[in-house]
Amino acid sequence: MRDSEFDFIRSLVYERSRINLGPDKRQLVSARLGKRLRATNMPDLTAYCEFLQQPGADQELGHLIDAISTNHTFFFREIAHFDFLRDKAIPEMMERARAERWNSFRVWSAASSSGEEAYSIAITLTQRLPNFPWEIEATDISRRILAKAAAAIYPEETVRRLPPEVVRTHFQRGFGPQEGNYRVKAALRDRVHFHHLNLLEGEPPFPGLFQVIFCRNVMIYFDRPTQEELVSRLTRRLVPGGYLMVGHSESLTHLRHSLRAVRPAIYQKSFGS
Ligand SMILES: C[S@@+](CC[C@H](N)C(=O)[O-])C[C@H]1O[C@@H](n2cnc3c(N)ncnc32)[C@H](O)[C@@H]1O
């Protein structure tokens, strides 16, 4: 891959997603672009870069971001966040709910990938809030991964790690062509709403504030000014006293922000804002 091609792809990806590809990502970019070259029938990277500059390349730009970004995730990843949600955030917010006349408990999974995070939140909320309305909004920049999230079909090995009772209650075992897969049952699926969103562009396609926002394992791909901008955007969408969960490798320590650190990778919005 030539310097000029790497620089071109790098700035295009930054402009579109704010994902910051450092020089150490050159190998990875080159490997991942191989797939796009084959899919678009381009003979080489020079031709592919030219193709991306033509009018109408918008769809391919989406595929490019998809190929570059990492969607790795799993159910109940970083379990401490789900323990905190269950044992601290929900009881605390429920005490406030009546006095502050909230009519639902709202959680946003802000870089949801294929949906495991959002469904793990949904499982926690059905268990802990059987008699109070709740809503989950989930967003991602990748349309491909959002389609997977909405379909909610997962291979057995990812579901096998969950307690058998959770699997029995919330998943259907596939048969025939779906043998070896499990699907989240409609009762849970219907309560999670997936939307396309670039977290750094425009406003989310839903109004209102959230008691808890999960924005995990996406900030590591952004540079510092972008991380600060993102934290500030998310903070605006929290109720006073609401919680922001970030990935355990994404401490906000070196960023400018107005949140209070309450636990590793858990931050709270102040009550005065
Ligand atoms: C590694 S996954 C994290 C999934 C989940 N939050 C977790 O912690 O397991 C990162 C996700 O961030 C998404 N992403 C990357 N840049 C984004 C942006 N600018 N706006 C919204 N989502 C983005 C990617 O498409 C990917 O699905």
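Start by selecting helix α4: the elements covering its buried residues include α1 (3-17), α2, α3 and α7 (143-151). Keep in mind that this is a predicted model.

**Stop 1: helix α4**

Select residues 58-68, which form α4. Show the side chains of E60, L61, L64, I65, D66, A67 and I68. These residues are buried.

**Stop 2: helix α2**

Move to α2, residues 26-40. Check its length from end to end. At 1.5 Å a residue, the 15 residues of α2 should span 21 Å, and the end C-alpha atoms are indeed 21 Å apart, so the two agree.

Which residues of α2 are buried? Select V29, L33, G34, R36, L37 and T40. They pack against α1, α3 and α4. Then step just past the helix to N41, which follows α2 and has a positive phi, near 60°.

**Stop 3: where α2 meets α3**

Add α3, residues 45-52, to the selection. The axes of α2 and α3 are 10 Å apart, and the helices pack at an angle of about 75°. An angle of 65 to 115 degrees counts as roughly perpendicular, so α2 and α3 are roughly perpendicular to each other. From α2, the contact uses L33, R36, L37 and T40; from α3, it uses L45, Y48 and F51. By class, this contact has 5 nonpolar, 1 polar and 1 charged residues.

**Stop 4: the seven-stranded sheet**

Now show the strands in the order β6-β2-β1-β7-β8-β10-β9. These 7 strands form an open sheet with mixed pairing. Its edge strands are β6 (192-196) and β9 (260-263), each pairing on one side only. From one strand to the next, the twist averages 25°.

Zoom in on β1 (residues 105-109) and β7 (residues 210-215). These two strands run parallel and are joined by 3 bridges. Select W108 and look across to β7: I213 stands opposite.

**Stop 5: helices on the sheet**

Turn on α5, residues 79-99. This helix packs on the sheet and touches β1, β7, β8 (238-246), β9 and β10 (266-268). The direction of α5 makes about 175° with that of β8. Next, select α11, residues 224-236. Helix α11 lies across β1, β7 and β8, and runs at about 140° to β8.

**Stop 6: the three-stranded sheet**

Select β3, β5 and β4. In the order β3-β5-β4, these 3 strands make an open sheet with antiparallel pairing. The edges are β3 and β4 (171-173), and each pairs on one side only. On average, neighbouring strands here are turned by 35° against each other, direction ignored.

Focus on β4 and β5 (residues 181-184), which pair in the antiparallel sense over 3 bridges. Which residue of β5 is the bridge partner of R173? Select Y182 to see that partner.

**Stop 7: two alanines with positive phi**

Go to A152, in the loop between α7 and β3 (153-155). Its phi is near 60°, a positive value in a residue other than glycine. Is A152 buried or exposed? The cut-off for buried is under 20% relative accessible area. A152 has 0% relative accessibility, so A152 counts as buried.

Finish at A265, in the loop between β9 and β10. A265 is not a glycine, yet its phi is positive, about 65°. With a relative accessible area of 10%, A265 is buried.

How values were computed. Residues are numbered from 1 along each chain as its sequence is written. This is a predicted model: local features need pLDDT of at least 70, side-chain atom pairs count only at pLDDT 80 or more; totals for chains, interfaces and linings use all residues. Side-chain values use heavy atoms; hydrogens and water are left out. Axes are lines fitted to C-alpha atoms, for helices over the stretch in contact, and angles run from 0 to 180 degrees between N-to-C directions. Helices (H or I, at least four residues) and strands (E, at least two) are DSSP runs, numbered from the N terminus. Angles under 35 degrees count as roughly parallel, over 145 as roughly antiparallel, 65 to 115 as roughly perpendicular and the rest as oblique. Contact means heavy atoms within 4.5 Å. Ala, Val, Leu, Ile, Met, Phe, Trp, Tyr, Cys and Pro count as nonpolar, Asp, Glu, Lys and Arg as charged, and the others, Gly among them, as polar. Two strands pair if DSSP finds at least two bridges between them. Buried means under 20% relative accessible area, exposed over 50%, partly exposed in between (1.4 Å probe, protein chains only). The expected span of a helix is 1.5 Å times one less than its number of residues.
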